[in-house]
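Here are some notes on the structure below, set out as numbered points for someone who has not looked at it before.

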Amino acid sequence: MPSARRILPLLLLGLNLLLTTGFAQEGAEGEAVQISGFPGLSQVVPHAADLFAQADQDRNRTAELKDTQTVKKALEVAEERFAQIGRNTEKLGDPRIWNLDTLLEVRSLLDEEEDRLQNLLAPVSERLETLESIASFWEERRAYWQQWQEELTAEREQVPQETFARVFETIEEISSRAAEGITSLVFLQEQITELIDRIQQQQNILAAVVGEVRSRTFEKIAPSFGNPDFYRQFTRDLLMEAHEGLSRVQRIHPQFYRTQAWILALQFMLAVGLGGFIRRHRRSVVEAPEWNFILLHPWATGLFVSLTGLGPLYTSPPALWRLLMWFLASLSAAILISGLVRNPLKRVTVYLLAGVLVFTMTLQIISLPQPLYRIYLTLICLFAVPLLITLARRNTRNQQGRKTAFTRYLQAGAALAAAALVAQAGGYSAFSARLVEASLKSVFLLIFIVMLLRLVQGGVQYLFNQPLIAQRPFFDRFGQEVAHRLKNLLRVLAWIVGFFMLLQMWGVYDTLSQAWKGLFALEISLGQIRLTLDMIVLALLVLYLSIVGSWFIRAFLEAEIFPRQNIDRGVRDSIKRLLHYFLVFVGFIFAMSLAGFELENFAVLAGALGIGIGFGLQNIVNNFVSGLILLFERPIKMGDILVIDDEWGTVKKIGLRSTVIETLDQSELIVPNSQFISEKVTNWTLSTTVARVVLPVGVAYGSNIELVLKILHEAADTHPLVLATPSPSPIFVAFGNSSLDFELRCWIANIGSRLRVRSDLGQFVDRRFREEGVEIPFPQRDLHLRTVDSQLMEKATRGRLSRQAAEDEHA
């Protein structure tokens, strides 16, 4: 009892402390934990110290969040780019008179600016949200300390006024800092949003014009050549408009050089450096014949790579600069293409198309008035039709009357030019222009894809032929297969991208992103499941990756892992086969889930498969399960020598449903896997390759049996492939009808030598029997005649008597 009296007051004191000394703890995000009551007077100073430490942290955070110099500078650059776009488009006049390519180009620039601003706006919004959370947190601290002070005052405690005053001063400072940061960030956010709104207004205007232009592609929007209104357009004002368009591209603003001269410097260094490097090392590159076209023209290669690789870095380049880049890129491309083709007619065609493309782009850049541009397109078509037909006929003549793909391309080009000419004459100028421009761009796009593939495939081949890579066991064994698969993958990717670019060139979609989204949004419905094209492509991609990944892992194990571990070949095949089944199964399940098939639906599919197995697929499933048993139990394995249905053969492949056996005459037996499980199969190499060779021999009655056994033993002892252990065993077997029967039984290490060893032993025994005079008899038969025809008997008697008379005369 005394001890209980001492413990009870201690328990009551502890309960009182728990009820009166709770306090809020600040988390990493600044959220205060709700408390009931306030700490006592003794906790004011410790809590104030914690608050001052938190204030130091938030003071630094607020200073970092308030620093908007980087964002302001980026905003100024964005405003300058937008202003530059406005100045460039102002020179082009009303957007309704622009060609479609110019409209799409300007809209693409505006889209890029909007994306940059959206990326700039996102961190500003995040900073603003963080400052608001800081301000809210310190307002909660202010209310907390005010209530705490009031409670201590109400309890008539001696409140440390200086500490509370410093706390409130610190809270006010941090709150002010947060409020200033919020104000500056809100103002910056408004500026960015305002610029985005201005860009979107321009985008809406251009989108409306693009829609109007597209809607008029197949409409008659200009007077035909037979209409007098067409000729009334050719006035002095038309020539002055063309002159103004030309004057707009005659100078480059110095601001362009000041801001983007570094890109020009990079292009120059890349062109000179790459060209010089190829020129210096081209004689040492013999592993990649795909690179011959760039090795022949190193400077054109350097120029083309620098223009196409670094050209997109320019921001709103002047028209004259764009024209110069187009000219140099087309010239270098034409030179490189000439190294790809050997047919002189193809080279002439490429140079002509390059010249027409550059001149067409020039007229578009200077915004040539529509009537004059129509005259230009008409002249191009009038010149192209007979030229292309002539080239097609000449190429057919050079090919001994055989029409090649190049001939058909020339004929197709002549047909397109004729169609554009008819459309232009009839007043369908937009359709005619689209036909000519898209055809030219499509030709060069296809040529560029071929060049890119040759370049990349040559790079792959060159990489895999390097000693550092080729000496690895994996690449030494499977390098060519990996290179072949990689080339095929790159070829597919290049043509897919080319297909999307063709859709853009022919006006089906405005941009590549729109083409991507538009095509992959296509969908089909299968009951309650809706499949989009992107889901199908992703599912096929996953299946492809699972199959390729399975092959790569199995090849890596075969080349790098298994040889080091000295694993039996049968175990290797089992591991690889099971790994392949597992990866493909996982890939299939994942692909089905990507395609929208829920895993619950597989229960229904499993039920349907069960019914199918019960009725018609039981043999297939039986063979599949038997194949798995073969892989696990391994009664047969790759390379085993079997006897099945009296046929000798070697196991070449254990498949999912059947096993392939190569017979001695090089034919192949396709044996269902279930046959190996349910029927008797002789496996000569299941546990060992040692096998017995039996040579049966018959000698004439009266022969020396000991001599025969000695010769048989000698034959086995002298053969190099016959094993000494177990020792050879020549034995006397039986008394035959015509001979004394013997057998030579001996053992060899490899069953594959069985027939050759048996043949060698037979030749040796035959030679020694002839040397020792041992006779190998013919079969003997006794005939008993019961009835014989009298005429036949008479003839036989006369024959016997005549032979006896002849013998007597001879004697």
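1. Which residues is Gln-260 in contact with, leaving aside its neighbours within four places in sequence? They are Leu-313, Tyr-314 and Thr-315. Gln-260 itself sits in helix 8, which covers residues 254–281. Gln-260 counts as buried because its relative accessibility is 10%, and buried means under 20%. Note that this is a predicted model.

2. As for the chain as a whole, its secondary structure comes to 25 helices and 10 strands. Of its 811 residues, 37% count as buried. Among contacts with a separation of 6 or more, 72% are accounted for by residues 24 or more positions apart.

3. The largest nonpolar core has 50 residues, and Leu-117, Trp-138, Trp-145 and Ile-192 are those with the most contacts inside it. Two or more residues each are given to this core by helix 2 (44–66), helix 3 (69–92), helix 4 (100–154) and helix 5 (161–215). Helix 4 supplies the largest share, 19 residues.

4. Leu-117 can serve as an example from that core. Not counting residues up to four places away in sequence, Leu-117 touches Leu-75 and Ala-78, and also Ile-192, Leu-195, Ile-196 and Ile-199. Another core, of 35 residues, lies apart from the largest one; Leu-340, Leu-435, Phe-444 and Met-451 are among its members.

5. Helix 12 spans residues 344–365, 22 residues in number. From its first C-alpha to its last, helix 12 reaches 32 Å, close to the 32 Å expected at 1.5 Å a residue. Buried residues in helix 12 include Leu-345, Thr-349, Val-350, Ala-354, Leu-357 and Val-358. Thr-360, Met-361, Thr-362, Leu-363, Gln-364 and Ile-365 are buried in this helix as well.

6. Both ends of helix 12 deserve a look. At its start, a side-chain oxygen of Asn-343 comes to within 3.0 Å of the backbone nitrogen of Leu-345. Just after the helix, Ser-367 takes a positive phi of about 55 degrees.

7. In what order do the strands of the five-stranded open sheet lie? The order is 6-5-4-3-7, with antiparallel pairing. Strand 6 (668–672) and strand 7 (682–683) are the edge strands, each pairing on one side only. Strand 5 (residues 658–663) runs antiparallel to strand 6 and is joined to it by five bridges. One bridge partner pair is Glu-662 with Glu-668, the latter in strand 6.

8. An open sheet of three strands, also paired antiparallel, has the order 8-10-9. Its edge strands, strand 8 (691–699) and strand 9 (729–735), each pair on one side only. From one strand to the next, the twist averages 25 degrees. Strand 9 and strand 10 (residues 740–748) run antiparallel and are joined by six bridges. In strand 10, Leu-740 is the bridge partner of Phe-735.

9. Two helices should be viewed together with the three-stranded sheet. Helix 23 (residues 705–718) lies across strand 8, strand 9 and strand 10, and runs at about 20 degrees to strand 10. Helix 24 (residues 754–772) packs on the sheet, where it touches strand 8 and strand 10. The direction of helix 24 makes about 30 degrees with that of strand 8.

Note on methods
Residues are numbered from 1 along each chain as its sequence is written. This is a predicted model: local features need pLDDT of at least 70, side-chain atom pairs count only at pLDDT 80 or more; totals for chains, interfaces and linings use all residues. Side-chain values use heavy atoms; hydrogens and water are left out. A nonpolar core is a set of buried Ala, Val, Leu, Ile, Met, Phe, Trp, Tyr and Cys residues joined through side-chain atoms within 4.5 Å. Buried means under 20% relative accessible area, exposed over 50%, partly exposed in between (1.4 Å probe, protein chains only). Helices (H or I, at least four residues) and strands (E, at least two) are DSSP runs, numbered from the N terminus. Contact means heavy atoms within 4.5 Å. The expected span of a helix is 1.5 Å times one less than its number of residues. A polar contact is a pair of N or O atoms within 3.5 Å; within protein, one must be able to donate a hydrogen and the other to accept it, and residues adjacent in sequence count only if both atoms are side-chain atoms. Two strands pair if DSSP finds at least two bridges between them. Axes are lines fitted to C-alpha atoms, for helices over the stretch in contact, and angles run from 0 to 180 degrees between N-to-C directions.
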